[in-house]
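Morning, everyone. I have one structure to walk through today. Let me put it on the screen.

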Amino acid sequence: MSGYELLAVIVFFLIGYWIVDYFWPKKKAAPPAGERVTVRVSRRFESPPERVFDAWLDPASAGKWLFATPAGEMVRVEIDARVGGAFNFTDRRAGEDVEHTGEYLDIDRPKRLVFHFRVPKFSDEATRIQVDLAPAASGTGSTLLTLVHEGVFAEFAARTEEGWKGILEGLDRTLAGTAGTFPKP
């Protein structure tokens, strides 16, 4: 093989490698390695535990508040409400669809709901969420909800806590019959 032939083989190899690298689907970057924390949020609802619990698994109800944003439009709500079943909430934000997906790990109506959760746009890594419901100590027909979100990156803990508080505010509005009315910023 002459020097020109060898050079041509090397050039074609490099061009082929570049084309494959350019067009081949890339894996998402791994999330940053960092400390993981647990976020806890509690809220009282003036509805019985059964009603609060059912709002998490009813597509018509959950689509109004779960992962919904004031500026977004919920374009997809799928719930397979069984252990091993999956969910998908897709909120369109500024023309871009953001999926919130997961799998149900435990469903114990009306006491506990546990699921894995991920937002594929940002990471394929799942975190774990547990929602516990109990009759509130005072007041008939009210519920104390405690949400525990495990595996949150420490640098996102405050944002995650505020996000859950906003979501639970939306649940409260839905239970009160004022869903779709977001507070003014």
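I'll take the overall fold, then the sheet, the helices, the core and a few backbone details.

Keep in mind throughout that this is a predicted model.

Start with the inventory. The protein has 4 helices and 7 strands. Along the sequence, they follow the pattern α-β-α-α-β-β-β-β-β-β-α. Of the 185 residues, 34% are buried. The accessible surface is about 11,200 Å², and carbon and sulfur atoms account for 59% of that surface. Now the contacts between residues at least 6 apart in sequence. Of these, 46% join residues at least 24 apart.

On to the sheet. In what order do the 7 strands sit? The order is 1-7-6-5-4-3-2, in an open sheet with antiparallel pairing. Which strands stand at the edges? Strand 1, residues 36–45, and strand 2, residues 73–79. Each has a single partner strand, so one side of each lacks a neighbour in the sheet. From one strand to the next, the twist averages 20°.

Let me step through some of the pairings. Strand 3 and strand 4 are antiparallel and share 8 bridges. Within that pairing, Asn88 has Thr101 of strand 4 as its bridge partner. The two strands make a hairpin with 2 residues between them. Next door, strand 4 and strand 5 run antiparallel and are joined by 7 bridges. Here Tyr104 stands opposite Phe115 of strand 5. This is a hairpin too, with 3 residues linking strand 4 to strand 5. Then strand 6, residues 127–135, and strand 7, residues 143–153. They are antiparallel, with 8 bridges. Pro135 faces Thr143 in strand 7.

Now the helices that lie across the sheet. Helix 2 covers residues 49–57. It lies across strand 1, strand 2, strand 4, strand 5, strand 6 and strand 7. Its angle to strand 6 is about 155°. Helix 4 covers residues 157–175 and lies across strand 1, strand 6 and strand 7. Relative to strand 1, helix 4 runs at about 25°.

One residue in helix 4 is worth a stop: Gly170. Is Gly170 buried or exposed? Gly170 has a relative accessible area of 4%, so it counts as buried. Its C-alpha atom is separated by 4.8 Å from that of Trp65, 105 residues apart along the chain.

That takes us inside. In soluble globular proteins, nonpolar side chains tend to be buried together. In this model, the largest nonpolar core has 33 residues. Helix 4 gives the most to this core, with 6 residues. Those with the most contacts inside the core are Trp56, Leu66, Phe115, Val131, Leu145, Trp164 and Leu171. Take Leu66. Leaving aside residues up to four places away in sequence, Leu66 touches Trp56, Met74, Phe89, Trp164 and Ile167.

Aromatics next. There are 11 aromatic pairs in the structure. One of them is Phe87 with Tyr104, a tilted pair with centres 5.3 Å apart and planes at 50°. Phe87 is in strand 3 and Tyr104 is in strand 4, 17 residues apart. Both residues are buried. They also belong to one aromatic cluster, along with Trp56, Trp65, Phe67, Phe89, Phe115, Phe117 and Trp164.

Last, the backbone. Where is the cis peptide bond? It runs from Arg109 to Pro110, with omega near -5°. Pro110 lies in the loop between strand 4 and strand 5.

Then two positive phi values outside glycine. Phe67 has a phi of about 70°. It is found in the loop between helix 3 and strand 2. With 5% relative accessibility, Phe67 is buried. Ala94 has a phi near 55°. Ala94 is found in the loop between strand 3 and strand 4, in the turn of that hairpin. At a relative accessible area of 85%, Ala94 is exposed. So the two part ways on burial: Phe67 is buried, whereas Ala94 is exposed.

That's my tour. I'm happy to go back to any part of it.

Methods: Residues are numbered from 1 along each chain as its sequence is written. This is a predicted model: local features need pLDDT of at least 70, side-chain atom pairs count only at pLDDT 80 or more; totals for chains, interfaces and linings use all residues. Side-chain values use heavy atoms; hydrogens and water are left out. Two strands pair if DSSP finds at least two bridges between them. Axes are lines fitted to C-alpha atoms, for helices over the stretch in contact, and angles run from 0 to 180 degrees between N-to-C directions. Contact means heavy atoms within 4.5 Å. Buried means under 20% relative accessible area, exposed over 50%, partly exposed in between (1.4 Å probe, protein chains only). Accessible areas come from the Shrake-Rupley method with a 1.4 Å probe; for residues, only the protein chains shown count as cover. A nonpolar core is a set of buried Ala, Val, Leu, Ile, Met, Phe, Trp, Tyr and Cys residues joined through side-chain atoms within 4.5 Å. Rings of Phe, Tyr and Trp (its six-membered ring) pair if their centres lie within 6.5 Å; planes under 30 degrees apart count as stacked, over 60 as edge-to-face and the rest as tilted.
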